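Here are a few short exercises to work through with the model open in your viewer. Try each task before you read its solution.

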Amino acid sequence: MTSVALIGLGWWGKIMARLIAESPKLRLVRAVDIDPAGAAIVRPLGAAFSTNYADALADPAVQAVILCTPHAQHREQILAAVAAGKHVFCEKPLALTRAHAVECVTACRNAKLVLGIGHERRFEPPILELRKLLADGTLGTPLQIEANFSQDKFLSLPADNWRLSADNAPAGPMTATGIHLLDLSVSLLGPARRVVANVAQLGSQLRNGDTLGVMVNFASGANALISAMLATPFVGRFALYGNKGWAEIVDKAHPEASEGWTMTTCLRGEKRVSRDFAAAPAVLVNLEGFADAVAGKAPYPVTDAELTGTIAALEAVFASARNGGTVETVAG
Ligand SMILES: NC(=O)c1ccc[n+]([C@@H]2O[C@H](COP(=O)([O-])OP(=O)(O)OC[C@H]3O[C@@H](n4cnc5c(N)ncnc54)[C@H](O)[C@@H]3O)[C@@H](O)[C@H]2O)c1
């Protein structure tokens, strides 16, 4: 069992606390939130609580920290954890610039510590199936991805919420939902080479932008067309087109309370086939993959190049959304 401290007990941290409590591979020994109300959430789970991150870093019982804090804090909290000799699972995005992502990955590698990332969509069963169809050549050469992850959960947030701030969420929906699609695209197509993005405030009071369109061009020549909106009801779709066939995955409900997926595949010369996948605990699978890596049982399945490559592309999205035009990504 890997003993962990959970940092940040907001929307996502509460979900993580429940998942950790039910895992045979993880033990929640401590939690931290600057809001003292967090005590009532974790004390029933048998974990210690404090309002100071340093308490978790000083606790010898803590092997790893799980960061569920606002994005702009991730880098500093990762580097502090590494200095204290703790493994790190960081919620997405890992960092807001490529330089900071490289700094975090390098610090973990030099200290021989595992760095996990909250990109659980990689572990959803239909995405694993899609990856298999691509790897075994069934879909042929990948040509293009079309993906959409939109929701209207943020419409009720107060205007001063950190998720709506330019510091924590440049390019509106990008850091909330678009980042998952960008990461999936990098994991399937490799490094990005250029990006063009447009963000606009069209249908809500969200001044930081509610409508984002991104085109990512990859070193392979393939494209990903990423759509993320914050002023329309939930929709989740991920499609990959190859020169032998295509596959499309549609979420039946928001991943927070997944009801499973429908996957449709179409191979050249054949009829299209649709298949339903039951809901699956992708967030827990990701966390347990991290626990296995900490225990030395298996390497964590997200590579360093993917960790930094996703953030390199993210930084290019921010720059394009801010300044307009096409932005080259920095490799590696
Ligand atoms: N993987 C996913 O699908 C997914 C979904 C939602 C959120 N997230 C990520 O989880 C993270 C948190 O998002 P959220 O929606 O839960 O935000 P939130 O605002 O609901 O919660 C953040 C919590 O962190 C606490 N906090 C802030 N600074 C702190 C500090 N220095 N030390 C300890 N606690 C601190 C806040 O008091 C709050 O309780 C973000 O990185 C977000 O992108 C991931």
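**Exercise 1.** Find which helix gives the most residues to the shell around the ligand in this predicted model, and sort the shell by class.

*Solution.* Start with the helices: α1, residues 11–21, gives the most to the shell, with 3 residues. Next, take the whole shell, where 21 residues surround the ligand. The closest are Gly8, Gly10, Trp11, Trp12 and Glu91. Finally, sort by class: 9 residues are nonpolar, 7 are polar and 5 are charged.

**Exercise 2.** Check the length of helix α5 against its number of residues, and work out how its buried residues are arranged.

*Solution.* Helix α5 runs over residues 98–110, which makes 13 residues. At 1.5 Å a residue, α5 should span 18 Å, and its end C-alpha atoms are 18 Å apart, so the two agree. Now list the buried residues of α5: Arg98, His100, Ala101, Cys104, Val105 and Cys108. Looking down the axis of α5, these fall within an arc of 165 degrees, so they line one face of the helix. The elements covering them include α4, β5, β6 and α9. Just past the helix, note that Lys112 follows α5 with a positive phi, near 55 degrees.

**Exercise 3.** Decide how the compactness of the chain compares with that of a globular protein of its length.

*Solution.* First count the elements: the chain has 9 helices and 15 strands. Then compare radii: the radius of gyration is 19 Å, close to the 20 Å that the globule rule gives for 332 residues, so the chain is as compact as a globular protein of that length. To round this off, buried residues make up 48% of the chain.

Notes: Residues numbered from 1 in each chain as written. Predicted model: local features only at pLDDT ≥ 70, side-chain atom pairs only at ≥ 80, totals over all residues. Near = placed C-beta within 6 Å. Helix = DSSP H or I, 4+ residues; strand = E, 2+ residues; numbered from the N terminus. Nonpolar A, V, L, I, M, F, W, Y, C, P; charged D, E, K, R; others polar. Rg over C-alpha atoms; globule rule 2.2 N^0.38 Å. Buried ≥ 20, exposed ≤ 12 C-beta atoms within 10 Å, placed from the backbone. Expected span 1.5 Å × (residues − 1). Arc of directions from axis to C-beta. Contact = placed C-beta atoms within 7 Å.
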